[in-house]
Amino acid sequence: MADALELGSSGKPWGFDSPLSHDRGKQSMKIELEQVSPIQKKMTVVLPAELVDKEVDKAYSKLQKAVRLRGFRQGKAPLPILQRYFKVQVEDDVITSLVQDSYPRALDEQKMAPVSQPIIEKGVLEKGKDFSYTASFEIKPAIEVQGYTGLELEKEKLQITEADIDEQLLKLQNSHATLKTIEGRVVQTGDCALIDYAGTIEGKPFAGSAIKDHLIEISPDSFLPGFADQMIGLKPGDTKTFALQMPADDMREDLAGKKIDFTVALKEIKEKVLPPLDDEFARDLGDYKDLADLKQKIRDSLHSAREQQIEGRLRDSIVSLLMEKNSLEVPPALVEQHIQSMLLNTRQRLAAQGVNVENFSQSAEKLSEIYKEAAEKQVRAALLLEAVARAERLTVTEEDLEHKYAEIAKIINQDRAAVKRTIDKEALSTQLLEEKAIAFIVSKAAMKEKEPVSQVNNGKN
């Protein structure tokens with residue numbers, strides 16, 4: 001019988017005494033490990049008959065005190081009667097107790113760190129005989145990472161131009177623009193249009209298919225792909241019908257890959273009126289002394305964002321080179337954990353954007369397939385960087401963690417103690433260790449500078 005074993009956060013079982021915690025010397029268990037594959041172990045645990053019998057006797061004693069049987073006073077039911085009625089239940093409970101207590105102890109003794117829940121094959125419980133079971137679980141592969149020194153790398157030059165700053169200023173103006181109703185002309189790119197629309201699939205409406213007084217900006221990235229383009233050239237009072245093919249990977253599974261027939265009525269055309277770009281505009285945005293101060297803050301923000309992008313691309317190129325030089329099998333459990341983390345992040349991001357996520361669960365399976373390749377790559381990268389850190393004896397100190405807490409607290413303008421409470425220490429330690437591995441690889445690489453690949457579009461200041 002195979003079961004997935006669930007343990008508490010301390011590694012100990014819930015709701016059971018610890019049979020191995022007494023008379024350890026006399027009741028030691030035997031453990032054998034089998035390497036099934038580079039990422040899977042099979043552990044056989046044998047518990048002595050003395051311990052097994054003691055636990056069975058204890059279970060029946062406890063049952064005898066609690067059970068009520070017709071014809072016997074409470075606590076006086078004979079053992080043969082209890083065995084006749086409760087043998088299967090007692091043996092199941094004892095087996096569960098033995099396994100859940102001995103499994104984490106066996107892992108500690110063998111210095112094993114599984115990355116998956118175990119699959120337990122339970123043995124048969126017999127009076128006077130040893131009890132054995134097997135536990136199969138996934139582990140991280142043993143990696144002797146090769147070729148991480150002397151890499152030939154290229155790093156982009158970091159530069160911020162006046163055009164970059166002007167682009168961000170224009171975005172700020174657009175985000176604080178007012179709308180003025182326009183008459184006497186047709187819709188053009190850059191306008192906002194007030195519309196009523198209704199959609200059908202094969203002649204039938206769908207959830208959210210009919211909306212009145214919807215304001216849409218006439219730009220390529222607005223609303224559904226291709227929808228805004230259909231508005232260009234219309235004037236108030238016009239009605240238009242058209243069809244759009246939805247992307248096959250659309251977040252809404254009920255719409256993905258479907259053709260939607262739309263009927264749109266244009267009610268008003270609104271034109272954006274941008275605020276003047278002056279000192280008053282800068283002060284209205286927040287804690288800026290004047291326009292020059294705003295520009296400097298934009299420059300600083302762009303510098304920080306672009307630096308992160310450059311470092312991110314450098315990390316990607318390093319990881320790609322490591323993957324070319326080192327083949328390894330990746331534990332499916334780690335990939336699945338990463339996929340679930342990506343799904344959670346997607347759900348939280350959509351919710352923060354005001355998107356209704358009620359239908360998200362319908363798309364989770366599809367998104368899991370989409371995310372699988374990226375998740376596997378990220379897990380592979382993490383394993384390789386961990387191997388580099390281990391080979392070079394790189395470590396993360398408490399001082400490193402405290403420095404990072406302070407850095408994060410400054411960025412998000414929060415108290416450092418609050419940051420420490422909300423950030424997972426183990427996850428942060430892993431991140432810092434990867435950063436140290438990357439820094440070591442860079443320090444041993446042949447580095448060339450190259451022109452920027454692209455400009456950063458970062459409207460946050």
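# Reading pockets and salt bridges

Author: Let's begin with a striking feature: the largest pocket has a volume of about 1900 Å³. This is a predicted model, in which local features need pLDDT of at least 70 and side-chain atom pairs count only at pLDDT 80 or more, while totals for chains, interfaces and linings use all residues. Residues are numbered from 1 along each chain as its sequence is written, and side-chain values use heavy atoms, with hydrogens and water left out.

Reader: What is a pocket, and what does its volume stand for?

Author: On a 1 Å grid over the protein atoms alone, a pocket is an open set of points with protein on both sides within 12 Å along at least five of seven lines; lining residues have an atom within 4 Å of a point. Points are joined across faces, edges and corners, and the volume is the space filled by probe spheres set on them. Here 46 residues line the largest pocket, and Arg315, Ala427, Thr430, Gln431 and Glu434 lie nearest its centre.

Reader: Which helix gives the largest share of the lining of the largest pocket?

Author: That is H10, with 12 residues. Helices H5 (291-325), H6 (332-352), H7, H8 (398-412) and H10 (425-443) each supply at least two lining residues. Helices (H or I, at least four residues) and strands (E, at least two) are DSSP runs, numbered from the N terminus.

Reader: How many salt bridges does a search of the whole structure find?

Author: The search finds 27. A salt bridge is a side-chain nitrogen of Lys or Arg within 4 Å of a carboxyl oxygen of Asp or Glu. Take Lys127 and Asp57, whose side chains meet at 3.2 Å, N to O. Lys127 lies in the loop between strands S4 (119-122) and S5 (131-138), and Asp57 in helix H1 (residues 49-66), so this pair ties together parts 70 residues apart in sequence.

Reader: Is Lys127 buried or exposed?

Author: Lys127 is exposed, at 59% relative accessible area, and Asp57 is partly exposed at 41%. Buried means under 20%, exposed over 50%, and partly exposed in between (1.4 Å probe, protein chains only).

Reader: Where do Glu376 and Arg380 lie?

Author: Both are in helix H7 (residues 360-391), 4 residues apart, about one turn of the helix. Their salt bridge has its closest N and O atoms 2.8 Å apart. Glu376 is partly exposed at 30%, whereas Arg380 is buried at 17%.

Note on methods
On a 1 Å grid over the protein atoms alone, a cavity is a set of points where a 1.4 Å probe fits but cannot get out, and a pocket is an open set with protein on both sides within 12 Å along at least five of seven lines; lining residues have an atom within 4 Å of a point.
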